[in-house]
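Reader: I should like to go through this model with you. Could we begin once it is displayed?

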Number of protein chains: 2
Amino acid sequence: MGESRQTLQTVARAAGVSPMTVSNAYNRPDQLSRTTREKVLRVAAELGYGGPSPAGRSLRRGRSGTVGLLLSEQLPYAFADPGMLTFLHGMATELAAAGQALLLIPTAGDTDQALVRGALVDALVLRAIYPDDPAVVAARERGVPLVSGGGPKIAGIPFVGIDNARSAARAAEHLLGLGHTRFAVLTIPPGDPLAGIPPRPGLHARARGFLAALEAAGVDPDRIQVVQAGDHTRDAGREAAAHLLVARRSARPTAVFAVSDVLALGVLEAAAASGVDVPRQLSVMGFDDIEEAARSTPPLTTISHPLYEQGRAAVRVVLAAVDGRVVRPPRLTTHLVLRETTARPPAR
Amino acid sequence: MGESRQTLQTVARAAGVSPMTVSNAYNRPDQLSRTTREKVLRVAAELGYGGPSPAGRSLRRGRSGTVGLLLSEQLPYAFADPGMLTFLHGMATELAAAGQALLLIPTAGDTDQALVRGALVDALVLRAIYPDDPAVVAARERGVPLVSGGGPKIAGIPFVGIDNARSAARAAEHLLGLGHTRFAVLTIPPGDPLAGIPPRPGLHARARGFLAALEAAGVDPDRIQVVQAGDHTRDAGREAAAHLLVARRSARPTAVFAVSDVLALGVLEAAAASGVDVPRQLSVMGFDDIEEAARSTPPLTTISHPLYEQGRAAVRVVLAAVDGRVVRPPRLTTHLVLRETTARPPAR
DNA sequence: CGGGAATTCTGTAACGATACAGATGTAACG
DNA sequence: CGTTACATCTGTATCGTTACAGAATTCCCG
């Protein structure tokens, strides 16, 4: 048993072979005889040598075997978001298959972007971050392949994701088709890193897409309310919706589109608390099709999109780029999931 | 704008200074004049040099600025577990404060533990893993500081966590105190990496602790049923509980202790589905105090423990070890959260 | 038994950075 | 003006590994 730190050289000397042979014993077993290899590994074990040092290896090879995920929100916040988790899940699956590890890089509160600049990664996935965020600038300077996963569309960076605006327009079409004429859009405030409000470019695109579709259909702008929840949480959604629902009935929207299921679930809570019947008196739509959406009361009508596939695709694209290959991001589509929170508007 | 990859040397030559000066421009601004520093940074920017290479730096410094989290379950599975998320949340918070990044290392399906051996980390946190898992062996060989976070107690590795068995005993005392005499324990199967069943030493310790407390109190073993859910999910918990509840009333347990809230929530679903009134006909207890526990119907009585603090403490302990300091793991305590799923057993 | 191939092993030279110990030059002081 | 102190900059020597290009050895076959 060796006590101090061992190195490849040490082992080589002890085994009476060249360092290269020790290296090969670990990395290219076919390049040396079985007997030599066994001797080397035995000596290594006796010395307490734990295998080639990752730092030395990654310097020499120019690869770290790691993909980083850049998160501008606080990590805790990210973990609280079901959508992010599904995306991560997809990334993790694809990474595991490729034998790569996943580095989480929070950029919040890191003014000089030391983590981004110093991260030991071969590639970076961007998500939930604004194109002009300093972390994005730092990421570009790294010179490693980048991909934007669902989050922002940034010039010059491959984008894997859905068309939020178009998908939200489909939600609008559904509600218009049911005959609704008074709408509310529940969205979130613009991101503000200083105030700790995470950027959600995708969510804002949904709000814009929904509004544009209403406008295109000739809906009177006076009959569209836009409400901002204080936060991207169910509770904030409930509070914001509660304000909507106190209005007298004829001034109330007959349909609410929440830019995410998390918010929509809050709307359902608020409606239940105010005794507003969903969907008879109020139609509610969300976006994401998170797991809870199928379990809510009533089950939520929403737009489903392949977040898991987004995560996988982002990794595939970026790992291909590391190898110098170019993979065109797949086209990812969304679809309407009809459940029980939308119906024709109540008769006058 | 430089096109090919730049290095510190390149920049030094272009700026007419020594490499050391360029290094200092980035790392020790106080070691050179403002004018030189500005010139160096300007030249670097012109050449498109993105700052010192993390690989070179971490080799030379012997530090990577990264802490790894070892997960023996599939990453997706980990993310699906609310307890794990809270723990991660705590880790992330503490890491962010220390300017460290977080590397997620899944060990499932990696027979030669290449990820563990090759991970660019200064320290490793172990969680949800068996002491004799090959990944643990590989981790030890790495020679980096280790800490076990909540998961397994392993000889020679600092442990941050709660006393699961003792805390489960407290649950038993609560139910005994209410007068229950017929019990069921809902647990999960032993982990089996081959079958993809993650190890949960903590959960099993809870079951053991609960059973030991009943035994110590003199409860007739015939009146204790032990049921294994197929999986650590709410659905599996519901199914397993459904089997319990089909028995005729006098043979049914009057109290169920589920080793986790996730399972306990499944029990509540099963009870609701079978028309069994909780807590009047059946008392149910969980363990963890996850967020949903407060929102279930009825709200779940459970054992609360500081998972978030566990995550933070694990990081503190392990980062201290990286610096050669020794920090004694704090003593983390649990407490009973009385909500509305436990009551006196029904009269005969 | 000679010659070419296959197998197995080894020296050399980086990968890109920083710790350390000086070497300059300049300011300050008695 | 000599000397010390300070600020600023530089040369040297690694950190631990692996790519590459060849030796040395063995093998096979005609």
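Author: The chain contact, the DNA surface and one sheet are taken up in turn. This is a predicted model, in which local features need pLDDT of at least 70, side-chain atom pairs count only at pLDDT 80 or more, and totals for chains, interfaces and linings use all residues. Residues are numbered from 1 along each chain as its sequence is written, and chains are lettered from A and ligands numbered from 1 in the order in which they are written.

Reader: How many residues does each chain bring to the contact?

Author: Chain B gives 37 residues and chain A gives 37 residues; a contact requires C-beta atoms, placed from the backbone, within 7 Å.

Reader: And how do the β2 strands pair there?

Author: Strand β2 (residues 101-106) of chain A and β2(B) are antiparallel, with 3 bridges. Pairing requires at least two DSSP bridges, and strands are DSSP E runs of at least two residues, helices H or I runs of at least four, numbered from the N terminus. L104(A) has L102(B) as its bridge partner.

Reader: Turning to the DNA, which residues come nearest to strand D?

Author: Of 25 residues around DNA strand D, the nearest are L8(A), S23(A), S53(A), G56(A) and L32(B); "near" means a C-beta atom, placed from the backbone, within 6 Å. The largest share, 5 residues, belongs to α4(A).

Reader: What is the strand order in the open sheet of chain A?

Author: The 4 strands run β7-β6-β8-β9, with parallel pairing.

Reader: Why is one side of β7 and of β9 left without a neighbour?

Author: Both strands of chain A stand at the edges, and each has a single partner strand.

Terms used. Contact = placed C-beta atoms within 7 Å.
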